[in-house]
Amino acid sequence: NTTDDRRQSTRHNFKLEIVLINKRGSFRTYSKNISLTGTLLEQDVPADFIKNPFELVIINRFEKDLKKGRLLFKGKVVGDLANPRRLTFFGVEPEMLDRLEALLKAYVQYQEMMKKSG
């Protein structure tokens, strides 16, 4: 069932730094939620990012190793263009998907650790 396939990835309400990059420049914001297939941003994407695919970097501020802490994806805006905050990842390399999965798991573990200690 193709309609459900999009929604199978678990969404995590994590605030991760996201940088969108295209030929005209960059835009820095944060995720409201994120999954292995895309993210919902806190702010609207600027107009010059809406119609064309772009690169995006997910930054894990807890990771000391910069190679692991910066994940590069191709993205595009999906859904209601009057509210351009939802992005989908496409053409994802298996290694990047594995690294994103590890990042999300690390955030889940960090949140659980904080709950226990707090």
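Before you click on anything, here's a handy rule: a residue is buried if its relative accessible area is under 20%, exposed if over 50%, and partly exposed in between (1.4 Å probe, protein chains only). Try it on Phe62, which is partly exposed because its relative accessible area is 35%.

This is a predicted model, where local features need pLDDT of at least 70, side-chain atom pairs count only at pLDDT 80 or more, and totals for chains, interfaces and linings use all residues. Residues are numbered from 1 along each chain as its sequence is written, and side-chain values use heavy atoms, with hydrogens and water left out.

**Stop 1: the whole chain.** Switch to cartoon view. You should find four helices and six strands, running in the order α-β-β-β-α-β-α-β-β-α. Helices (H or I, at least four residues) and strands (E, at least two) are DSSP runs, numbered from the N terminus. The C-alpha atoms fill a box of roughly 45 × 35 × 30 Å along the principal axes. Of the 118 residues, 36% count as buried.

**Stop 2: strands 1, 2 and 3.** Select residues 17-22 and 25-34. These are strand 1 and strand 2, paired in the antiparallel sense over six bridges; strands pair if DSSP finds at least two bridges between them. The two strands make a hairpin with two residues between them. Look for Leu20, which sits opposite Phe27 in strand 2.

Now add residues 38-41, strand 3, which pairs with strand 2 in the antiparallel sense over three bridges. Another hairpin, this time through three residues, joins strand 2 to strand 3. Show Ile34 and you'll find its bridge partner, Thr39, in strand 3.

**Stop 3: salt bridges.** The structure holds four of them. A salt bridge here is a side-chain nitrogen of Lys or Arg within 4 Å of a carboxyl oxygen of Asp or Glu.

Stay with the strands and pick Glu17 and Arg28, whose side chains meet in a salt bridge (2.1 Å, N to O). This pair links distant parts of the chain: Glu17 is in strand 1 and Arg28 in strand 2, eleven residues apart. Buried or exposed: which is Glu17? Glu17 counts as buried, at 18% relative accessibility, while Arg28 counts as exposed at 52%.

Next, select Glu42 and Lys15, which form a salt bridge too (3.9 Å, N to O). Glu42 lies in the loop between strand 3 and helix 2 (47-50) and Lys15 in the loop between helix 1 (2-5) and strand 1, so the pair ties together parts that are 27 residues apart in sequence.

Then jump to helix 4 (residues 94-117), where Glu95 and Arg99 lie four residues apart, about one turn of the helix. Their side chains meet in a salt bridge (3.4 Å, N to O). Glu95 is partly exposed at 47%, but Arg99 is buried at 18%.

**Stop 4: a loop with two stories.** Go to the loop between strand 4 (54-59) and helix 3 (66-69), home of Phe62. Asn60 is found in the loop between strand 4 and helix 3 too, and Asn60 is buried, with a relative accessible area of 7%. What is Asn60 in contact with, leaving aside neighbours within four places in sequence? Gly69, Leu103 and Tyr107, where contact means heavy atoms within 4.5 Å.

**Last stop: the surface.** Turn on the surface and color Phe62, Tyr110, Met113 and Met114: they form a nonpolar patch with about 360 Å² of accessible area together. Patches are made of residues with over 30% relative accessible area and no salt bridge, with like charges joined within 9 Å and nonpolar side chains (Val, Leu, Ile, Met, Phe, Trp, Tyr) within 5 Å. Accessible areas come from the Shrake-Rupley method with a 1.4 Å probe; for residues, only the protein chains shown count as cover.
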